[in-house]
There are 2 protein chains.
Amino acid sequence: MDANERDRIMSGCTRFLFGHYPQKPAQALKALAEIADPDQKSDHYGEGEIINGFEREVAELLGKEAAVFMPSGTMCQQIAMHIWTERRGIHRVAFHPTCHLEIGEDQGYQWLHGLRSRLVSKASRLMTLDDLKNVAEPLGALLLELPQRMLGGQLPTWEELTAITGWAREQGIPLHMDGARLWECQPFYGRPYAEIAALFDSVYVSFYKGLGGLAGSILAGPAEMIAQARIWQRRHGGNLIRLYPYVLSARQGLSTRLGRMAAYHQKALEIAAALSALPQIEIVPNPPHTNMMHLYLRGEREHFRDVSLALSEETGIWLAFTPVPTDIPAYQKLEFTVGDATL
Amino acid sequence: MDANERDRIMSGCTRFLFGHYPQKPAQALKALAEIADPDQKSDHYGEGEIINGFEREVAELLGKEAAVFMPSGTMCQQIAMHIWTERRGIHRVAFHPTCHLEIGEDQGYQWLHGLRSRLVSKASRLMTLDDLKNVAEPLGALLLELPQRMLGGQLPTWEELTAITGWAREQGIPLHMDGARLWECQPFYGRPYAEIAALFDSVYVSFYKGLGGLAGSILAGPAEMIAQARIWQRRHGGNLIRLYPYVLSARQGLSTRLGRMAAYHQKALEIAAALSALPQIEIVPNPPHTNMMHLYLRGEREHFRDVSLALSEETGIWLAFTPVPTDIPAYQKLEFTVGDATL
């Protein structure tokens, strides 16, 4: 089954099981042009109301003094780690073994920033306060990912979270949140975003996961830290002459989808409950903490790929997927994310 | 005269003296949506025909094996410098004192890549072969900017250029071209882009100067070097989930404006000839080598700013500018770039 065949079947589908409806560039750009204020001017190398106004809006939502819009989370987080570790004079950052910095950025934090990692906890479970207390080395910064994407979107309880962040504060370790999916956490914690973010010195949020934007991210924190981050953004090549396509789509995602997070979560709970009846499927976490879950499916990878594609063609509902191998050869992993299309 | 007052006067203008017509986001996105093929799919983390097809097109135009599209030239060039110097095992890069890496990127090449610079020549004139021969230290890479933006877009003669690049080749020094305005050079050299680019191991080109795109750049070179550059792009945080707004506008700029470079240059020659009659104006270079020139204006900075703004309001032609101070207090500098609006 080649890529063209998949495309053909996908084009024939009118409904989608996972995430948001896919948009083609022509369609997405037309929609953006329509929501843009006709009189609003472009941003210019990070300046202009179109970008700075949005930065202020997100800073306020997160209860932080300031925020800076960047092209990617990779940029936001390496920069946050650099700034915090430099202040401590300790170039060792602590994070979970499945942290994006460790597995998704070709070790940019090492190559570009001269940082070293201290992996805390196991890849198969969340970090605990005990894990942290057992680290014998001094830490320049601590990064926590809320929710933990590679664990199906698991979240620590509020008590565990505040115990970890409280301990780090006592030790004087700067705290950074990888909030790529922070928006998706609120139904679990049932607290304002600012209250969750207040546990951290800095927060990175993304606009193209649950919020469905084109790309783009924000780093929020103390004003003087964000001013420094802007210098690093320029060094990274992320201070673009125009970022407005991303800013406009981020703002649109925030205004239309932030209010749907509870509905996405509710649907994830329903799906998990229904799938729980099937003995060939393990669900992690069950019940889901956010709008996502990992499904461990008993069977062969090619089988799932082919059957899900055939079903897509037959039903007109796109539910094709290519599962990821797991430690157990008999099981394949599927990341299931609930979005507009799933609803 | 505050920013709002400037905006009000600019909004009243129907013609523009410098560069291309300014576009507001709503207008630019609508135009992009209209040129996008309705069936074309989005790129996905640097993959997909929409981006890879354009990379191949530009690689071919430049006569290089491969190319990679990145958000910014800052990213392209630091990455090229890293790759070339690593091969030589010499972390010293040679470039002009007004090189973008030295003056426009907060020394990212030092902070992110551990490189050191050897500034060659004076800020007030182009680099010569003699300047290079006088460098007593070994060089890991040599960067030449064609044309030299901070010198009003000056270009070395073809003889001088080939003498420099030939010498560097003999020494085994990798050569990189800062071609932010390479497109604008062709009328001067009268040779295909591939013939100019052939003098260099790698070339960076930009799409938002003469070509008038939203943002974005390409690094072109040998296939194995570009494959490495993609790894560094990910480290920099430049491997975005979607880059298509920039790709589409770059392609549009290339197809509509590349053929106008001779006309832009011709108009620059005419403007320089007319201005040459005025004793209060020095033109650098005169005649212009490209579509740009620097004008040194005798008079006070505030005077030029206020008079040009008042003239804009009176005539409905936007020609307001805020000149830059120079070494000579009596003279102010203005960068004059010819684009669609000037024609």
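Is A:I317 buried, partly exposed or exposed, and at what relative accessibility? In this predicted model, A:I317 counts as partly exposed because its relative accessibility is 26%, a value that falls between the 20% limit for buried residues and the 50% limit for exposed ones. The residue belongs to strand β11 of chain A, which spans residues 317–318. Beyond the residues up to four places away in sequence, A:I317 touches A:C13, A:R15, A:F16, A:L17 and A:S312. The C-alpha atom of one of these partners, A:L17, is separated from that of A:I317 by 6.9 Å, although the two positions lie 300 residues apart along the chain.

The interface between the two chains was examined next. Contact involves 49 residues of chain B and 49 residues of chain A. The area buried between chain B and chain A is about 4100 Å², and carbon and sulfur atoms give 62% of it. On the side of chain B, the most area is lost to chain A by B:L29, B:L112 and B:R235, which together account for 17% of what that side buries. Polar contact across the interface is found for 17 residue pairs, both members being at pLDDT 80 or more. The elements of chain B that give two or more residues to the side touching chain A are α2 (25–35), α4 (73–88), α6 (108–111), α11 (223–236) and α12 (244–257). Of these, α2(B) gives the most, with 7 residues. By class, this side of chain B has 26 nonpolar, 12 polar and 11 charged residues. The rule also finds 4 salt bridges across the interface of chain B and chain A. B:R234 forms a salt bridge with A:D106, with 3.6 Å between the closest N and O atoms.

Nonpolar packing was considered separately. In soluble globular proteins, nonpolar side chains tend to be buried together. The largest nonpolar core holds 155 residues, and A:W183 and B:W183 touch the most other members. Outside its neighbours within four places in sequence, B:W183 is in contact with residues including B:V58, B:L61, B:Y193, B:F207, B:L254 and B:M261. Another core, of 52 residues, lies apart from it and has A:I79, A:L112, B:M81 and B:M225 among its members.

A buried polar site is found at B:H294, in strand β10 (residues 292–298) of chain B. B:H294 counts as buried because its relative accessible area is 1%, under the limit of 20%. The side chain of B:H294 makes a polar contact with the side chain of B:E335 at 3.1 Å. Among the other contacts of B:H294 are B:R149, B:M150, B:E282 and B:K333.

Over all chains, the structure holds 38 salt bridges. In one of them, the closest N and O atoms of A:R92 and A:E137 are 3.5 Å apart. This pair links distant parts of the chain, with A:R92 in strand β3 (residues 92–95) and A:E137 in the loop between α7 (129–133) and β5 (141–145), 45 residues apart. In chain B, B:R8 and B:E5 form a salt bridge with a closest N and O separation of 2.9 Å. These two residues are separated by about one helical turn, because they are 3 residues apart in helix α1 (residues 3–11) of chain B. The side chains of B:R87 and B:E224 also meet in a salt bridge, at 2.7 Å from N to O. Since B:R87 lies in helix α4 and B:E224 in helix α11 of chain B, the pair ties together parts 137 residues apart in sequence.

Note on methods:
Residues are numbered from 1 along each chain as its sequence is written. Chains are lettered from A and ligands numbered from 1 in the order in which they are written. This is a predicted model: local features need pLDDT of at least 70, side-chain atom pairs count only at pLDDT 80 or more; totals for chains, interfaces and linings use all residues. Side-chain values use heavy atoms; hydrogens and water are left out. Contact means heavy atoms within 4.5 Å. Buried area is the accessible area (1.4 Å probe) that two parts lose on being put together, summed over both. A polar contact is a pair of N or O atoms within 3.5 Å; within protein, one must be able to donate a hydrogen and the other to accept it, and residues adjacent in sequence count only if both atoms are side-chain atoms. Helices (H or I, at least four residues) and strands (E, at least two) are DSSP runs, numbered from the N terminus. Ala, Val, Leu, Ile, Met, Phe, Trp, Tyr, Cys and Pro count as nonpolar, Asp, Glu, Lys and Arg as charged, and the others, Gly among them, as polar. Buried means under 20% relative accessible area, exposed over 50%, partly exposed in between (1.4 Å probe, protein chains only). A nonpolar core is a set of buried Ala, Val, Leu, Ile, Met, Phe, Trp, Tyr and Cys residues joined through side-chain atoms within 4.5 Å.
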